[in-house]
Amino acid sequence: MRTTTCLSLLVLAGCIPLHATAQKSAAEGIAEYRALLQDGNPAELFEAKGEDLWKQKRGPKAASMEKCDLGKGPGVVKGAFAELPRYFPDTGRVQDMESRLLTCMETLQGFDAAAIAKTPFGTGEQKNIEGLVAWISAESKGMPLNLPQSHASERRAYEVGKRLFFLRAGPHDFACATCHGADGKRIRLQDLPNLTKNPGAGEGFGAWPAYRVSSGELWGMQRRLNDCFRQQRFPYPGYASDVTVALAVYMGVNGKGGKTTAPAIKR
């Protein structure tokens, strides 16, 4: 009782800013909430589905995804997530997880990649891709991010992503950097990671895909970026477009060395 009274007097006297104590308690409360949710993360259900989809013979060609090259050789999954996006010689493009899966689904299984890209999130083959990214990312959990920058296309994608990150536009003159370009920012009770450097870039980029409690769905990075564009009142980017891949390269390279936690759990 005495300690509480003394603390209250210090706050009223201005020795301890009231907003600082409130922010600390809010941040601690959210951290505890996430820790509780992490025990039994529903993303595990998506992981199990993704592993099954990887091995299933599906599509017009009745083939599995087990020969898909995610950058470490055909069929090698472990460690691939921590090095994506990267340049792929067979497509001549820098690709992230989702765009690379589209390539494999088309070439190996005979699916129409363009049609899948136009499918709404959370439905049809889009939902299957979210299962695949959940399992593939889980196979690299705890590994350090190490996106390659040796190819000219990878370096170019980083520079394009950087320009897009700081581009101010739309009816509110927002940019990605408006929320994620400096330390100590928050929206309501949500701390916003600084995605221009570590630890924010590693923690932010390395956590997606993630299970969203608010929607009861698993979101991949493509879906997360789509929602960021929505909040900025920008036109939606194309699924697996060069714009979204470039932004992922920028964040991922900035997060080099940060440990992957995907699939994580978010509010």
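Q: What does R93 form a salt bridge with?
A: In this predicted model, R93 pairs with D242, and the closest N and O atoms are 3.4 Å apart.

Q: Which elements do those two sit in?
A: R93 is in strand β2 and D242 is in helix α11, so the bridge ties together parts that lie 149 residues apart in sequence.

Q: And how about D242, buried or exposed?
A: D242 is exposed, since its relative accessible area is 54% and the cut-off is over 50%. R93 is partly exposed, at 31%.

Q: OK, how many salt bridges does the structure hold?
A: The count is 13.

Q: What's the N to O distance for E217 and R223?
A: For that salt bridge the closest N and O atoms are 2.7 Å apart.

Q: Is R223 buried or exposed there?
A: R223 counts as buried, because its relative accessibility is 11% and anything under 20% gets that label. Its partner E217 is partly exposed, with a relative accessible area of 22%.

Q: What about R186, what's it bridged to?
A: R186 forms a salt bridge with D191, with 3.1 Å between the closest N and O atoms. R186 counts as partly exposed at 26% relative accessibility, and D191 counts as partly exposed at 39%.

Q: Which residues are linked in a network of salt bridges?
A: K72, E83 and R86 are linked that way.

Q: Switching to helices. How many residues has α7, and what does it span?
A: Helix α7 runs over residues 152-166, which is 15 residues. From first C-alpha to last it reaches 22 Å, close to the 21 Å expected at 1.5 Å a residue.

Q: Which residues of α7 are buried?
A: S153, E154, A157, Y158, G161 and F165. They cover an arc of only 145° around the axis, which puts them on the same side of α7.

Q: So which ones are exposed on the other side?
A: R156 and R163 are exposed on the other side of α7.

Q: What do the buried residues of α7 pack against?
A: They pack against two strands and two helices: β1 (86-88), β2 (93-95), α8 (176-180) and α11 (242-254).

Q: β2 and α11 came up before, right? Which pair was it again, and why does it matter for linking the chain?
A: R93 and D242: R93 lies in β2 and D242 in α11, so the pair ties together those parts of the sequence. Both elements are also packed against by the buried residues of α7.

Technical notes
Residues are numbered from 1 along each chain as its sequence is written. This is a predicted model: local features need pLDDT of at least 70, side-chain atom pairs count only at pLDDT 80 or more; totals for chains, interfaces and linings use all residues. Side-chain values use heavy atoms; hydrogens and water are left out. Helices (H or I, at least four residues) and strands (E, at least two) are DSSP runs, numbered from the N terminus. The expected span of a helix is 1.5 Å times one less than its number of residues. Buried means under 20% relative accessible area, exposed over 50%, partly exposed in between (1.4 Å probe, protein chains only). The arc is that of the directions from the helix axis to the C-beta atoms. Contact means heavy atoms within 4.5 Å. A salt bridge is a side-chain nitrogen of Lys or Arg within 4 Å of a carboxyl oxygen of Asp or Glu.
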